[in-house]
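Take a look at the chain below. The report that follows goes through its overall build, its cores and a few single residues.

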Amino acid sequence: MYWLLKNVLLGPLLRLLYRPKAKGLENIPADGPVILACNHQSFIDSFFVPLVVKRQVVFLGKADYFSTRRTAWFFKAAGVIPVRREGGSASEAAIQAGVRELRNGHLVGIYPEGTRSPDGRLYRGKTGVARMALLARCPVVPVASFGTRELQPIGKKMPKLSGRIEVQFGKPLSFERFYGQEADRFVLRSITDEVMYEIMMLSGQEYVDEYAAKVKADQSRADGSEDVVGGSATDRQASAGSAESEEAARISP
């Protein structure tokens, strides 16, 4: 179904409407486990990254996407792995799901920010990306998408029917020097910050040293509404636990 969706059902339409371009594809290893660490501007980021990559990309996605038959079939066909984001054992399950895919030699796409950017800036990364890289002993390729936020801003259910999309892939980052130190929170933070720096250099985004989920929750409280910028109750739950041990695995879009 993944091949059919990408090459027959959806991919040709996306290519026709948006003419996506890719730069740096040579930076993605031809085989073996690799993490694609992406900035997160829009819901449709998860459409265009796999579209321009020759290898199949497995994304970790919110379990909410699988709550109804109407959407579940699509995300299963797209190779999305459902994960819950409430924290605790659910967060650890997300990490292990990604590691299993990596140990099977797959490309795994994640969003280190943990949720979509509320304002187009790049926010502090959560350390799940670092734990996965160390546990699976694989490189991390930084990824920057351009144009997706304009195509489908947060809060819009449908994307515009025209626009230009570009996806850039940076050079793979190796963290072999830290193998075996996946329990060291200082190592995890150092790796995550390095990954976020490379994404920032690729994307040109302004960097904010705060978690995007916390910013969304603060904006919701200030506005007195539940979902002022596209954040959800799940996003606010994600912002509640700020300790590194809790936030390590909240890596789904």
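## Terms and source

Contact, or touching, means heavy atoms within 4.5 Å. This is a predicted model: local features need pLDDT of at least 70, side-chain atom pairs count only at pLDDT 80 or more, and totals for chains, interfaces and linings use all residues. Residues are numbered from 1 along each chain as its sequence is written, and side-chain values use heavy atoms, with hydrogens and water left out.

## Overall build

The chain has 11 helices and nine strands. Both are DSSP runs numbered from the N terminus: helices are H or I with at least four residues, strands are E with at least two. The chain has 253 residues, and 55% of them count as buried. Buried means under 20% relative accessible area, exposed over 50%, and partly exposed in between (1.4 Å probe, protein chains only).

About 11,600 Å² of the chain is exposed, and carbon and sulfur atoms supply 54% of that area. Such areas come from the Shrake-Rupley method with a 1.4 Å probe; for residues, only the protein chains shown count as cover. Take the contacts between residues at least 6 apart in sequence: 76% of them join residues at least 24 apart.

## The nonpolar cores

A nonpolar core is a set of buried Ala, Val, Leu, Ile, Met, Phe, Trp, Tyr and Cys residues joined through side-chain atoms within 4.5 Å. The largest one here has 32 residues. I35, M132, V140, F175, I191 and V195 have the most contacts inside it. Several elements supply at least two residues each, including strand 2 (34–38), strand 3 (57–62), helix 5 (89–103) and helix 8 (185–203). Helix 6 gives the most to this core, with seven residues.

What does I35 touch, leaving out residues up to four places away in sequence? Its partners are L102, V108, I110, V129, M132, A133, C138, P139, V140 and V141. Another core lies apart from the largest one. This second core has 31 residues, among them Y2, L14, L36 and F66.

## Helices 1 to 3

Helix 1 covers residues 2–9, and its buried residues are Y2, L5 and K6. These cover an arc of only 90 degrees around the axis, so they sit on the same side of helix 1. The arc is that of the directions from the helix axis to the C-beta atoms. An α-helix has 3.6 residues a turn, so residues three or four places apart point the same way.

Helix 2 has G11, L14 and Y18 buried. Its buried residues fall within an arc of 65 degrees, so they line one face of the helix. Their cover includes helix 1, helix 3 and helix 7 (148–151). F47 is part of helix 3. F47 touches L10, L14 and F74, not counting residues up to four places away in sequence. G11 and F47 are 36 residues apart along the chain, and their C-alpha atoms are separated by 8.7 Å.

## Two positive phi angles

Most residues other than glycine have a negative phi. R19 is not a glycine, yet has a positive phi of about 45 degrees. It follows helix 2, in the loop between helix 2 (11–18) and strand 1 (21–23).

R137 also is not a glycine and has a positive phi, of about 55 degrees. Its place is the loop between helix 6 and strand 7 (140–146). R137 counts as exposed because its relative accessibility is 51%.

## Buried single residues

S42 lies in the loop between strand 2 and helix 3 (45–52). Is S42 buried or exposed? At 0% relative accessibility, S42 counts as buried. A polar atom of its side chain lies 2.8 Å from the backbone oxygen of Q152 and 3.4 Å from the backbone oxygen of T148. S42 touches R116, T148, R149 and Q152, not counting residues up to four places away in sequence.

V167 is in strand 8 (residues 166–169). V167 is buried, with 0% relative accessibility. Among the residues V167 touches are K21, A22, F48, V52 and V143. The C-alpha atoms of V167 and S203 are separated by 9.4 Å.

## Cysteines

How many disulfides does the structure hold? The count is zero. A disulfide is a pair of cysteine sulfur atoms within 2.5 Å. C38 is buried, with a relative accessible area of 1%. C138 counts as buried, at 1% relative accessibility.

Technical notes
A polar contact is a pair of N or O atoms within 3.5 Å; within protein, one must be able to donate a hydrogen and the other to accept it, and residues adjacent in sequence count only if both atoms are side-chain atoms.
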